[in-house]
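Here is a short tour of a structure, with a look at its inner spaces and at some places where its helices pack. Have the sequence open beside the picture as you read.

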Amino acid sequence: MSKKILMSTAAAAVLFLTASCATAPANPSEFDQYDRFETFNRAVFKFNYEVDKYVIKPVTRGYRAITTPFVRERVNNALANLLEPMSSINQVLQGEFKQSAVSLGRFAVNSTLGLAGTFDVAGAWGWKKEVSGFDSTLAKWCVPDGPYLVLPLLGPSTPRSAASLIVDAYTEPVYWAAQNDANYKDKIMWGSAAVVYIAVREKTLDLMEDLERNSVDYYATMRTAYLQNRAKKNVCINSDAQDVNYDFDFGIEDEDEVFDAEETAAPVLPQHKQSDIMIDKAEIK
Amino acid sequence: MKKNLFWSFLAVVLLGIGTARADVDGAKAEAFVKKVTTEGIEEIINANVSQQVKDQRFAKLFNEALDLDFIGQFVLGRNWRTSTPEQRSAFIKVYRELNVKTWSQRFDEFKGKNFIFSGTTPSNSKNQIFVNSSVPMEQGEPAKVVWRVKQSGNNYKIVDIIIENVSLAITARNEYSSFIKNNPGGVDALIKDLQKKVNQPVVKK
């Protein structure tokens, strides 16, 4: 029951947050304009940073100290294997039927021959892994992403990706398995979440330290890195911009145009242009 | 006869399209990036010389291969226009130093690895092209590395490095514009902070 409430609250929140929002920016060098909750986000970011510093990072370092790269690869493989059903379902929703069958096949082969997913046997056969969550499905369906949002403990996000996380949890085999055990249901769920969290953190440990060391504004660096990656990965099916391709000319008029638009605080450049065209047409009529 | 005319007309049209779109020589751009990465791996990372020599070689290669004046100007964004000539040159200088330092450390990660090139993608910007490559990693998927190359005459320069969809230039541009927006010291404060980053000791792993 409580989960149902959580779901509908999340759905309502997404609708509320995305209703008035623009889609992903067309020019990725203007990402900072999509952070309308910057003050709130910075506060959560700071909280996450402190938790990471005093709790998560030491635990992650401990995990790294007691495991070898070989063991960690087995763990990462096993965790990735548990995402295959999710990918398979979402690939159907995206019309990627062939890849959906591959994902399902990978799950079947790797769960058995691959010893509970610790070895990627199917991958060696050429069955390529492609992870796809509900967020990718919504992206393909052209559901707007909404503004940038930093979530407590989970970090960089958007309303769409946050809501998708909840949906994705339902497609995990761990969730199905836990349903059979009423007594340990919650413990299994929290335990598995903790393992995933630390394993994921371990993978990004060096990269994030590098970024932090070389940033004068770590928050802005994380924000832009997250949004750039997202803009490239999540392409709407109706979008003609298959490739994010930013302008990189200076001293030439179009770069100046970008600057001028920035100064007049136009929120979304292409939309701005489009509305101009529409006005022109209306005037002709 | 008519058929021949048609085909020659088609050939001319196609040739016209071909030359109009072939803004940048993709093969040459790719060869240029290949040369830079090979030199970096063979003569720096894998070379049996002292760290000091490695650092010197890297700085030379990095400064020659990348157009840091160009990148620096893009990175400062609209603040470039409002900066004084002194601020501009101070910024470019410190930005150059910081990049040489951070990338020489990052480049070390490619020890024992190599780049696999997979052709080019056209760019919206004039005289520019993307050179696609990937680096097989010990664990998981290969890392995707895309090089943005600018051509002027017969001269090629790297103007951006995009690792796993994240661009060096756009990241810095966003980071610095955010810093300047939130700092009363503006560009001068940015230059000062970047200098601090340059001066901080190198972290040994």
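With four residues, α3(B) gives the most to the lining of the largest cavity. Helices (H or I, at least four residues) and strands (E, at least two) are DSSP runs, numbered from the N terminus. A cavity is a set of points, on a 1 Å grid over the protein atoms alone, where a 1.4 Å probe fits but cannot get out, and lining residues have an atom within 4 Å of a point. This is a predicted model, in which local features need pLDDT of at least 70 and side-chain atom pairs count only at pLDDT 80 or more, while totals for chains, interfaces and linings use all residues. Residues are numbered from 1 along each chain as its sequence is written, chains are lettered from A and ligands numbered from 1 in the order in which they are written, and side-chain values use heavy atoms, with hydrogens and water left out.

Back to that largest cavity: what lies nearest its centre? Of its 17 lining residues, these are B:Phe58, B:Phe62, B:Phe107, B:Trp147 and B:Ile161. Besides α3 (51-65), the elements of chain B that give two or more residues to this lining are α2 (26-45), α6 (85-108), β3 (143-152) and β4 (155-163). Sorted by class, the lining has 15 nonpolar, two polar and no charged residues. (Ala, Val, Leu, Ile, Met, Phe, Trp, Tyr, Cys and Pro count as nonpolar, Asp, Glu, Lys and Arg as charged, and the others, Gly among them, as polar.)

Searching the whole structure turns up four cavities of 30 Å³ or more. Here is how two of them look side by side; a volume is the space filled by probe spheres set on the grid points, which are joined across faces, edges and corners.

| Cavity | Volume | Residues from α3(B) |
|---|---|---|
| Largest | about 180 Å³ | four residues |
| Second largest | about 70 Å³ | four residues |

The second largest cavity is lined by residues including B:Phe58 and B:Phe107, along with B:Lys54, B:Asp55 and B:Asp108. Its lining splits into four nonpolar, two polar and three charged residues, and α2, α3 and α6 of chain B each supply at least two of them.

Now for the helix pairs. α3(B) and α6(B) pack at about 115° with their axes 10 Å apart. Axes are lines fitted to C-alpha atoms, for helices over the stretch in contact, and angles run from 0 to 180 degrees between N-to-C directions. The crossing of α3(B) and α6(B) is right-handed (the near helix is turned clockwise from the far one by less than a right angle; anticlockwise would be left-handed). B:Phe58 and B:Phe62 are among the α3(B) residues in this contact, and B:Trp103 and B:Phe107 among those from α6(B), where contact means heavy atoms within 4.5 Å.

In chain A, the axes of α2 (residues 38-66) and α10 (residues 185-213) come within 9 Å and cross at roughly 115°. α2(A) and α10(A) are therefore roughly perpendicular (65 to 115 degrees; under 35 is roughly parallel, over 145 roughly antiparallel and the rest oblique). Their crossing is left-handed, and its contact residues divide into eight nonpolar, one polar and nine charged.

Which helices pair up between chains A and B at about 140°? They are α11 (residues 218-233) of chain A and α7 (residues 168-182) of chain B, with axes 8 Å apart, and that makes α11(A) oblique to α7(B). This contact has two nonpolar, six polar and two charged residues. Among them are A:Thr221 and A:Gln228 from α11(A), and B:Asn174 and B:Ser178 from α7(B).

Notes. 1 Å grid on protein atoms, 1.4 Å probe; cavity = no way out; pocket = protein on both sides within 12 Å on 5 of 7 lines; lining within 4 Å.
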